[in-house]
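Dear colleague,

Please find below the structure that I am handing over to you. My notes on what was found in it follow directly after.

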Amino acid sequence: MSSAPAGTRPDPNDPSRPKRGLQPDDLAARDTIYRPDLLAGQVLLISGGGSGMGRAAATLAARLGADVAICGRNEEKLAATRDHIAAVTGRDILVQPMSIRDPEAVDGLMDAVWSRFGRIDTLVNNAGGQFPQDAIDFSRKGWLAVIDTNLNGSWWMMQAAATRWRDADAPGNIVNIVANVERGMPQAAHTCAARAGVIYLSKTLATEWAPHRIRVNCIGPGVIETEGFGVYPEEALKRFHKANPMKSRGDAWDVAEMIAYLASPAARFITGDLLVIDGGQAQWGVVWPGGMPDYFDEGGAFA
Ligand SMILES: CCCCC/C=C/C(=O)SCCNC(=O)CCNC(=O)[C@H](O)C(C)(C)COP(=O)(O)OP(=O)(O)OC[C@H]1O[C@@H](n2cnc3c(N)ncnc32)[C@H](O)[C@@H]1OP(=O)(O)O
Ligand SMILES: NC(=O)C1=CN([C@@H]2O[C@H](COP(=O)(O)OP(=O)(O)OC[C@H]3O[C@@H](n4cnc5c(N)ncnc54)[C@H](OP(=O)(O)O)[C@@H]3O)[C@@H](O)[C@H]2O)C=CC1
């Protein structure tokens, strides 16, 4: 297969494509290993909470007794998540439409959460994404969009949270959702650059901010089936599971449970780390999110 030509953009909302990712009813029904009041009294702010892993993490946190705030650009998705969580848990979560790329909107979000709940215990920087393309064909706008969202957006959120924790003399906890970038990822060089930036920013901040009692960790998901898969071509998606030796895909609940763990007291001694959840992909597999070029797929081993 040749890699996706520049400018080919699958329509994530094409009704003829399979519906992917856990739906709200799945999130209400899934078992959890955690006790029902694990996060009672805590406040979690989760970016990108209107879909995928963010929505799963928000639903699980609310089910475990936390107060939850979510943000994202799409107001409709946020409102649907709020209504569903209210129906399932009786909890009224805060939703704020905004872009993490706008530092003033980030400040407004932080103020809204502090004003409503009086604290933030855990910030989950989950909002982000990319599109698959050969790096040589990136437009300047496309490069900037991915860097600005994943690196700058995550930083605005971390700094805005940390200054408030410092000023309130309160402890803090940051969980950054990144990606499996240890060996690079062809056709996703922009996101690799941004996520590597977030990982090493996090390791640095974990040390710098330890005196403020702020922990900073990253989660590196491998192939996790969510509605976010809509940005990838169907042909490439057929091979995503071959990126790991388990030859399967994780789901949003797997990541939500890892987030709940990092928000729980059990993780109190973990900081500066990258927790990988990838079915072994980092040691073994390759993923070409736009489709593997024939040059690499000699003999059709990856077909
Ligand atoms: C890496 C693969 C690993 C496999 C596992 C990983 C899976 C996932 O991460 S799944 C979750 C994925 N979810 C998303 O990625 C959704 C969020 N993504 C986005 O919203 C966009 O990709 C974004 C990050 C670029 C958002 O920025 P935004 O400014 O909203 O983007 P625009 O749509 O306005 O596009 C700006 C600019 O970017 C270039 N571009 C966008 N899409 C493509 C594309 N499919 N192909 C080529 N170029 C693209 C383009 O230059 C756009 O400007 P215009 O041409 O003026 O539209
Ligand atoms: N699924 C996977 O296999 C993997 C995913 N990841 C990463 O995990 C995270 C969650 O992805 P996933 O749940 O799969 O996919 P989704 O596309 O469902 O989630 C991405 C979320 O980010 C939000 N978002 C994007 N840009 C912005 C912005 N500028 N400001 C605020 N919110 C924004 C989106 O909301 P809205 O559209 O409303 O703005 C959306 O809810 C992403 O960072 C993704 O790249 C990493 C590795 C693998």
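Helix H2 makes the greatest contribution to the shell around ligand 2, with three residues. This is a predicted model, and in it 29 residues surround that ligand. The closest of them are Gly48, Gly52, Gly72, Gly128 and Gly228. Besides H2, which covers residues 52-63, strand E2 (67-72) and helix H5 (140-168) each provide at least two residues of this shell. By class, the shell around ligand 2 comprises 16 polar, nine nonpolar and four charged residues.

Ligand 1 is surrounded by 21 residues. Here the closest are Gly129, Phe131, Gly142, Ala188 and Gly228. Helix H5 supplies the largest share of the shell around ligand 1, namely five residues. This shell divides into ten nonpolar, nine polar and two charged residues. You may wish to look at Gly228 in particular, as this residue is listed among the closest to ligand 1 and among the closest to ligand 2.

I turn next to the interior of the protein. The largest nonpolar core holds 80 residues, and those touching the most other members are Ala56, Ala57, Ala61, Val68, Ala256 and Ile259. Helix H8 (residues 252-263) gives the largest share of this core, nine residues. Ala57 may serve as an example: beyond its neighbours within four places in sequence, Ala57 is in contact with Ile46, Val124, Asn126, Ala256 and Ile259.

Helix H3 also deserves a description. What span should its 15 residues, 75-89, have at 1.5 Å a residue? The expected value is 21 Å, and because the C-alpha atoms at the two ends of H3 are 21 Å apart, the model agrees with it. Within H3, the residues Lys77, Leu78, Thr81, Arg82, His84 and Ile85 are buried. Against which elements do the buried residues of H3 pack? They pack against helix H1 (24-29), H2, E2 and strand E3 (94-97). Just after H3 comes Gly90, which adopts a positive phi of about 80°.

Finally, a word on confidence. The protein has an average pLDDT of 95, and 97% of the residues score at least 70. For the model, ipTM is 0.98 and pTM is 0.97. Where pLDDT is low, the predicted coordinates should not be read in detail.

With kind regards

Terms used:
Residues numbered from 1 in each chain as written. Chains lettered and ligands numbered in written order. Predicted model: local features only at pLDDT ≥ 70, side-chain atom pairs only at ≥ 80, totals over all residues. Near = placed C-beta within 6 Å. Helix = DSSP H or I, 4+ residues; strand = E, 2+ residues; numbered from the N terminus. Nonpolar A, V, L, I, M, F, W, Y, C, P; charged D, E, K, R; others polar. Core = buried A, V, L, I, M, F, W, Y, C linked by C-beta atoms within 7 Å. Buried ≥ 20, exposed ≤ 12 C-beta atoms within 10 Å, placed from the backbone. Contact = placed C-beta atoms within 7 Å. pLDDT = per-residue confidence, 0-100. Expected span 1.5 Å × (residues − 1).
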